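Here are my notes on this one, written as I'd go through it with you at the bench. Have a look at the model first, then read on.

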Amino acid sequence: MYPQSFSLDNGTTVSFIEESPRDLESVWGLYSTLGSESRKTLPPFNRKLIEHWSRSLPDYTFKPVLANVNEGGVERVIGRASLTHDSSPALKHRAELGIVVHDDYQGKGVGSNLVLFMVHVARAKGLRKLTLDVFADNPRALHVFVECGFVKEGQFPDHYWFRGEYHDVVRMGRVL
Ligand SMILES: CC(C)(COP(=O)(O)OP(=O)(O)OC[C@H]1O[C@@H](n2cnc3c(N)ncnc32)[C@H](O)[C@@H]1OP(=O)(O)O)[C@@H](O)C(=O)NCCC(=O)NCCS
(Lines give C-alpha, C1' and ligand atoms only; values in the text may rest on other atoms or scores of the structure.)
Protein backbone atom coordinates (compact mmCIF):
# COMPACT_ATOMS: atom_id res chain seq x y z
CA MET A 1 0.00 0.00 0.00
CA TYR A 2 1.50 3.34 -1.08
CA PRO A 3 1.57 6.01 1.69
CA GLN A 4 -1.40 8.38 1.55
CA SER A 5 0.50 11.00 3.54
CA PHE A 6 4.00 12.24 4.23
CA SER A 7 5.66 14.77 6.54
CA LEU A 8 7.31 18.03 5.56
CA ASP A 9 10.66 18.91 7.18
CA ASN A 10 8.79 21.06 9.74
CA GLY A 11 6.63 18.09 10.77
CA THR A 12 3.44 19.17 8.95
CA THR A 13 1.54 16.18 7.59
CA VAL A 14 0.43 16.35 3.95
CA SER A 15 -2.42 13.94 3.14
CA PHE A 16 -3.52 12.80 -0.30
CA ILE A 17 -7.29 12.48 -0.56
CA GLU A 18 -9.64 11.81 -3.48
CA GLU A 19 -11.51 14.99 -4.46
CA SER A 20 -15.25 15.15 -3.87
CA PRO A 21 -17.86 17.80 -4.80
CA ARG A 22 -17.78 19.20 -1.26
CA ASP A 23 -14.17 20.32 -1.89
CA LEU A 24 -15.23 22.98 -4.41
CA GLU A 25 -14.47 25.99 -2.18
CA SER A 26 -11.12 24.55 -1.03
CA VAL A 27 -10.07 23.86 -4.62
CA TRP A 28 -11.12 27.38 -5.62
CA GLY A 29 -9.12 28.62 -2.61
CA LEU A 30 -6.06 26.85 -4.03
CA TYR A 31 -6.40 28.17 -7.59
CA SER A 32 -7.65 31.68 -6.80
CA THR A 33 -4.66 32.47 -4.55
CA LEU A 34 -1.91 31.14 -6.85
CA GLY A 35 0.90 33.60 -7.49
CA SER A 36 1.49 35.08 -10.93
CA GLU A 37 4.53 32.83 -11.63
CA SER A 38 2.44 29.70 -11.03
CA ARG A 39 -0.48 31.04 -13.10
CA LYS A 40 1.90 31.59 -16.01
CA THR A 41 2.65 27.87 -16.13
CA LEU A 42 -0.97 26.72 -16.23
CA PRO A 43 -3.66 26.95 -18.90
CA PRO A 44 -6.15 29.75 -18.13
CA PHE A 45 -8.78 28.97 -15.48
CA ASN A 46 -11.59 30.81 -13.71
CA ARG A 47 -14.29 30.11 -11.15
CA LYS A 48 -16.67 28.79 -13.84
CA LEU A 49 -14.12 26.20 -14.97
CA ILE A 50 -13.40 25.03 -11.41
CA GLU A 51 -17.17 24.69 -10.80
CA HIS A 52 -17.42 22.70 -14.04
CA TRP A 53 -14.64 20.34 -12.83
CA SER A 54 -16.46 19.89 -9.54
CA ARG A 55 -19.82 19.16 -11.21
CA SER A 56 -18.12 16.68 -13.58
CA LEU A 57 -16.51 14.64 -10.79
CA PRO A 58 -19.10 11.83 -10.95
CA ASP A 59 -18.24 11.32 -14.64
CA TYR A 60 -14.48 11.06 -14.16
CA THR A 61 -12.94 7.58 -14.50
CA PHE A 62 -10.14 8.68 -12.15
CA LYS A 63 -10.94 11.23 -9.46
CA PRO A 64 -8.44 14.03 -8.90
CA VAL A 65 -6.33 13.83 -5.74
CA LEU A 66 -5.99 16.75 -3.32
CA ALA A 67 -2.98 17.41 -1.08
CA ASN A 68 -4.33 18.61 2.28
CA VAL A 69 -2.69 20.11 5.35
CA ASN A 70 -4.06 21.16 8.71
CA GLU A 71 -2.99 24.74 9.45
CA GLY A 72 -3.73 25.47 13.10
CA GLY A 73 -6.92 23.43 13.07
CA VAL A 74 -8.06 24.59 9.63
CA GLU A 75 -7.94 22.13 6.72
CA ARG A 76 -6.42 23.60 3.56
CA VAL A 77 -5.98 22.19 0.05
CA ILE A 78 -2.41 23.00 -1.03
CA GLY A 79 -2.14 20.86 -4.14
CA ARG A 80 -4.18 19.01 -6.75
CA ALA A 81 -3.38 16.35 -9.33
CA SER A 82 -5.66 15.02 -12.04
CA LEU A 83 -5.65 12.11 -14.50
CA THR A 84 -7.52 12.95 -17.69
CA HIS A 85 -8.65 9.77 -19.39
CA ASP A 86 -10.14 8.87 -22.77
CA SER A 87 -12.05 5.59 -22.68
CA SER A 88 -11.87 4.89 -26.42
CA PRO A 89 -10.22 1.49 -27.12
CA ALA A 90 -7.05 2.98 -28.64
CA LEU A 91 -6.42 5.37 -25.73
CA LYS A 92 -7.89 3.83 -22.61
CA HIS A 93 -4.54 2.44 -21.42
CA ARG A 94 -3.19 5.90 -20.71
CA ALA A 95 -4.03 9.12 -18.88
CA GLU A 96 -2.76 12.70 -18.92
CA LEU A 97 -1.34 13.97 -15.64
CA GLY A 98 -1.95 17.52 -14.43
CA ILE A 99 -0.56 18.96 -11.20
CA VAL A 100 -0.39 22.18 -9.21
CA VAL A 101 1.08 22.93 -5.78
CA HIS A 102 0.32 26.23 -4.04
CA ASP A 103 3.21 28.73 -3.97
CA ASP A 104 3.19 28.64 -0.15
CA TYR A 105 4.19 24.95 -0.30
CA GLN A 106 6.38 24.72 -3.41
CA GLY A 107 9.95 23.47 -3.03
CA LYS A 108 9.13 21.28 -0.02
CA GLY A 109 8.68 17.94 -1.77
CA VAL A 110 4.87 18.09 -2.18
CA GLY A 111 5.01 18.03 -6.00
CA SER A 112 7.36 15.03 -6.24
CA ASN A 113 5.41 13.06 -3.64
CA LEU A 114 2.11 13.87 -5.36
CA VAL A 115 3.43 12.86 -8.81
CA LEU A 116 4.70 9.55 -7.39
CA PHE A 117 1.36 9.02 -5.66
CA MET A 118 -0.44 9.51 -9.01
CA VAL A 119 1.94 7.00 -10.62
CA HIS A 120 0.90 4.56 -7.91
CA VAL A 121 -2.82 5.33 -8.47
CA ALA A 122 -2.45 4.89 -12.23
CA ARG A 123 -0.67 1.54 -11.78
CA ALA A 124 -3.25 0.35 -9.29
CA LYS A 125 -6.03 1.21 -11.77
CA GLY A 126 -4.32 -0.85 -14.48
CA LEU A 127 -3.14 2.01 -16.69
CA ARG A 128 -0.09 1.39 -18.85
CA LYS A 129 1.18 4.91 -19.41
CA LEU A 130 1.04 8.47 -18.06
CA THR A 131 1.67 11.45 -20.33
CA LEU A 132 1.79 15.19 -19.78
CA ASP A 133 2.50 18.46 -21.55
CA VAL A 134 4.66 21.07 -19.86
CA PHE A 135 5.87 24.46 -21.08
CA ALA A 136 9.55 24.26 -22.07
CA ASP A 137 10.19 27.37 -19.94
CA ASN A 138 9.04 25.65 -16.72
CA PRO A 139 12.36 24.21 -15.41
CA ARG A 140 11.03 23.32 -11.97
CA ALA A 141 8.22 21.16 -13.35
CA LEU A 142 10.56 19.53 -15.91
CA HIS A 143 12.98 18.70 -13.09
CA VAL A 144 10.25 17.17 -10.91
CA PHE A 145 8.86 15.03 -13.74
CA VAL A 146 12.33 13.71 -14.69
CA GLU A 147 13.02 12.94 -11.01
CA CYS A 148 9.76 10.99 -10.97
CA GLY A 149 10.73 8.82 -13.94
CA PHE A 150 9.16 10.71 -16.86
CA VAL A 151 11.13 11.03 -20.09
CA LYS A 152 10.96 13.72 -22.73
CA GLU A 153 9.19 12.31 -25.80
CA GLY A 154 9.22 15.42 -27.94
CA GLN A 155 9.13 19.18 -28.08
CA PHE A 156 6.62 21.21 -30.06
CA PRO A 157 7.76 24.73 -31.01
CA ASP A 158 5.29 27.61 -30.59
CA HIS A 159 2.63 25.07 -29.68
CA TYR A 160 0.62 27.21 -27.28
CA TRP A 161 -0.47 30.86 -27.48
CA PHE A 162 -0.70 32.24 -23.98
CA ARG A 163 -0.44 35.71 -22.42
CA GLY A 164 0.68 37.38 -25.62
CA GLU A 165 3.41 34.95 -26.64
CA TYR A 166 3.98 31.54 -28.14
CA HIS A 167 5.35 28.76 -25.92
CA ASP A 168 7.22 25.60 -26.78
CA VAL A 169 5.61 22.56 -25.19
CA VAL A 170 7.50 19.47 -24.00
CA ARG A 171 5.62 16.18 -24.12
CA MET A 172 6.70 13.72 -21.43
CA GLY A 173 5.66 10.19 -20.65
CA ARG A 174 6.23 7.35 -18.27
CA VAL A 175 5.39 3.77 -19.16
CA LEU A 176 4.24 2.17 -15.92
C1 LIG B 1 5.83 22.08 -10.69
C2 LIG B 1 5.30 21.88 -9.26
C3 LIG B 1 4.08 20.97 -9.30
C4 LIG B 1 6.41 21.23 -8.42
O5 LIG B 1 5.94 21.08 -7.11
P6 LIG B 1 6.90 21.36 -5.85
O7 LIG B 1 6.15 21.00 -4.64
O8 LIG B 1 7.45 22.72 -5.95
O9 LIG B 1 8.06 20.28 -6.16
P10 LIG B 1 9.12 19.64 -5.16
O11 LIG B 1 9.29 20.52 -3.98
O12 LIG B 1 8.76 18.23 -4.93
O13 LIG B 1 10.44 19.63 -6.04
C14 LIG B 1 10.94 20.80 -6.61
C15 LIG B 1 12.25 20.45 -7.30
O16 LIG B 1 12.50 21.41 -8.32
C17 LIG B 1 13.82 21.89 -8.15
N18 LIG B 1 13.82 23.23 -8.71
C19 LIG B 1 13.32 24.37 -8.18
N20 LIG B 1 13.50 25.40 -9.03
C21 LIG B 1 14.12 24.89 -10.13
C22 LIG B 1 14.59 25.45 -11.35
N23 LIG B 1 14.41 26.75 -11.64
N24 LIG B 1 15.17 24.62 -12.25
C25 LIG B 1 15.33 23.29 -11.99
N26 LIG B 1 14.92 22.71 -10.84
C27 LIG B 1 14.32 23.50 -9.92
C28 LIG B 1 14.06 21.80 -6.66
O29 LIG B 1 15.44 21.81 -6.36
C30 LIG B 1 13.43 20.44 -6.36
O31 LIG B 1 14.27 19.41 -6.78
P32 LIG B 1 14.96 18.38 -5.75
O33 LIG B 1 13.84 17.69 -5.03
O34 LIG B 1 15.73 17.44 -6.65
O35 LIG B 1 15.81 19.23 -4.87
C36 LIG B 1 4.95 23.24 -8.60
O37 LIG B 1 6.09 24.05 -8.59
C38 LIG B 1 3.80 23.96 -9.26
O39 LIG B 1 2.64 23.68 -8.98
N40 LIG B 1 4.11 24.93 -10.15
C41 LIG B 1 3.05 25.71 -10.79
C42 LIG B 1 2.15 24.86 -11.69
C43 LIG B 1 2.94 23.97 -12.65
O44 LIG B 1 4.00 24.33 -13.14
N45 LIG B 1 2.38 22.78 -12.87
C46 LIG B 1 2.93 21.83 -13.81
C47 LIG B 1 2.38 22.14 -15.15
S48 LIG B 1 2.65 20.78 -16.26
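How many nonpolar, polar and charged residues does the shell around the ligand have? Keep that in mind as you go through the points; one caution comes along with the answer.

1. The answer first: the shell around the ligand has ten nonpolar, nine polar and three charged residues. The caution is that this is a predicted model, so please read everything below as computed from a prediction.

2. Who is in that shell? There are 22 residues around the ligand, and Gln106, Gly111, Ser112, Pro139 and His143 come nearest. If you want to zoom in somewhere, start with those five names.

3. As for where the shell comes from, strand 5 (94–101), helix 4 (110–124), strand 6 and helix 5 each supply at least two of its residues. Helix 5 gives the most, with six residues.

4. Two of those suppliers, helix 4 and helix 5, also deserve a look as a pair. Their axes come within 10 Å and cross at roughly 45°. An angle of that sort is neither under 35 degrees nor in the range from 65 to 115, and the two helices are therefore oblique to each other. The crossing of helix 4 and helix 5 is right-handed.

5. At the contact itself, Gly111, Ser112 and Val115 of helix 4 meet Val144, Phe145 and Glu147 of helix 5. Sorted by class, the residues of this contact are three nonpolar, two polar and one charged. Note that Gly111 and Ser112 turn up here and also among the residues that come nearest to the ligand.

6. Now the sheet. It is open, has eight strands in the order 1-2-3-4-5-6-8-7, and its pairing is mixed. Strand 1 (5–7) and strand 7 (151–162) stand at the edges with a single partner strand each, so one side of each has no neighbour in the sheet. From one strand to the next, the twist averages 25°.

7. At the strand 7 edge, eight bridges join strand 7 to strand 8 (residues 165–175), and the two run antiparallel. To get your bearings there, find Gln155, which stands opposite Val170 in strand 8. Helix 5 (residues 139–147) packs on the sheet, touching strand 6 (129–135) and strand 8, and its direction makes about 160° with that of strand 6.

8. At the strand 1 edge, strand 1 and strand 2 (residues 13–18) pair in the antiparallel sense over three bridges, with Ser5 opposite Ser15 in strand 2. These strands form a hairpin with five residues between them, and Gly11 in the turn has a positive phi of about 95°. Moving inward, strand 2 pairs with strand 3 (residues 65–71), again in the antiparallel sense, over four bridges. Glu18 stands opposite Val65 in strand 3.

9. Last, another helix pair. Helix 1 (residues 24–32) and helix 3 (residues 47–56) pack at an angle of about 140°, with their axes 10 Å apart. That makes helix 1 oblique to helix 3, because only an angle over 145 would count as roughly antiparallel. Their crossing is right-handed.

10. In that contact, Leu24, Val27, Trp28 and Tyr31 in helix 1 meet Arg47, Ile50, Glu51 and Ser54 in helix 3. By class, the contact residues divide into five nonpolar, one polar and two charged.

Notes: Residues are numbered from 1 along each chain as its sequence is written. This is a predicted model: local features need pLDDT of at least 70, side-chain atom pairs count only at pLDDT 80 or more; totals for chains, interfaces and linings use all residues. Axes are lines fitted to C-alpha atoms, for helices over the stretch in contact, and angles run from 0 to 180 degrees between N-to-C directions. A crossing is left-handed if the near helix is turned anticlockwise from the far one by less than a right angle, and right-handed if clockwise. Two residues are in contact if their C-beta atoms, placed from the backbone, lie within 7 Å. Ala, Val, Leu, Ile, Met, Phe, Trp, Tyr, Cys and Pro count as nonpolar, Asp, Glu, Lys and Arg as charged, and the others, Gly among them, as polar. Two strands pair if DSSP finds at least two bridges between them. A residue is near a molecule or strand if its C-beta atom, placed from the backbone, lies within 6 Å of it.
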